[in-house]
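Let's take a walk through a protein model and see how its pieces fit together. Have the structure open so you can follow along.

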Amino acid sequence: MKKLIFSLIVFCLTFEVYSQITQLPEVVITAVNYKYLNAVENEDTDISVQMLQEKVAMYDIKKSELYEDEYDIYNVSFFIPEGKILAAYDKDGKIIRTIEKFKDIKLPRAVQQAIGKRFPNWSLEKDVYLVNFHRDNDKIFKQYKVKLKNGNKTMRVKLDENGDFI
């Protein structure tokens with residue numbers, strides 16, 4: 001009797017395990033705006049900034065209700081509480097340029113270390129991250145504007161993404 005009950009339990013568990021295996025179709029995501037993503041992408045950038053930049057890159061202007069064949073450029077704004085991106089798309093959906101501004105985000109480690117090394121007794125009060133991308137320009141503009149405070153004194157400094165002071 002014990003063998004019969006044990007066999008039934010094993011059979012039921014085996015049947016349940018096999019019933020949960022399903023084949024899902026493979027999903028392939030291609031970014032039309034890979035050049036933009038490659039230019040702005042940085043592992044150490046704040047996650048909210050990365051997510052908004054990915055949303056901008058994956059946005060399909062042709063599926064927008066504003067899309068019409070007669071226009072050559074479409075300006076689209078993307079917002080999150082920390083900042084915004086204004087992106088210009090051509091009629092094929094490729095990004096022409098972006099202007100990006102984010103406030104009080106997590107600074108990259110290189111920027112934090114540079115500030116800490118040069119201004120050890122100063123504390124971070126505010127920061128602004130600016131990005132300008134243009135597809136015809138190989139150089140992308142990325143800048144951090146940081147407001148530091150030490151007692152009654154305040155100081156503003158500018159750094160690039162590598163922690164070099166400008």
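Here is a short tour of the sheet, the helix that lies across it, the core and a couple of turns.

## The sheet

Keep in mind that this is a predicted model. Start with the open sheet: it has 6 strands in the order β1-β2-β3-β4-β5-β6, and the pairing is antiparallel. At the edges you'll find β1 (73-80) and β6, each of which pairs on one side only. On average, neighbouring strands of this sheet are turned by 10° against each other, ignoring direction.

## Strand by strand

Let's begin at the β1 end. β1 and β2 (residues 83-90) run antiparallel and are joined by 8 bridges. To find your place in this pair, look for Val76, which stands opposite Ala87 in β2.

Now jump to β4 (residues 123-134) and β5 (residues 141-150). These two also run antiparallel, with 9 bridges joining them, and they form a hairpin with 6 residues in between. Here Leu124 sits opposite Leu148 in β5.

β5 pairs with β6 (residues 153-159) too, in the antiparallel sense and over 7 bridges. A good marker in this pair is Lys147, which stands opposite Arg156 in β6.

## A helix across the sheet, and the core

Next, find helix α3. It lies across β1, β2, β3 (95-103) and β4, and it runs at about 155° to β1.

In soluble globular proteins, nonpolar side chains tend to be buried together. In this model, the largest nonpolar core has 32 residues, and those with the most contacts inside it are Tyr36, Val56, Phe78, Tyr89 and Val146. Helix α3 (residues 47-58) gives the most to this core, with 4 residues.

What is Tyr36 in contact with, leaving aside its neighbours within four places in sequence? The list is Gln53, Val56, Ala57, Ile85, Ile95, Thr98, Glu100 and Phe133.

## Two spots with positive phi

Most residues other than glycine have a negative phi. With that in mind, take a look at Asp104: its phi is positive, about 50°, although it is not a glycine. You'll find Asp104 in the loop between β3 and α4 (109-118).

The other spot is in the hairpin of β5 and β6, which has 2 residues between the strands. In that hairpin, Gly151 takes a positive phi near 70°.

Note on methods: Residues numbered from 1 in each chain as written. Predicted model: local features only at pLDDT ≥ 70, side-chain atom pairs only at ≥ 80, totals over all residues. Heavy atoms only, no water. Core = buried A, V, L, I, M, F, W, Y, C linked by side-chain atoms within 4.5 Å. Buried < 20%, exposed > 50% of the residue type's maximum accessible area, 1.4 Å probe, protein only. Contact = heavy atoms within 4.5 Å. Pairing = 2+ DSSP bridges. Axes fitted to C-alpha atoms, helices over the stretch in contact; angles between N-to-C directions.
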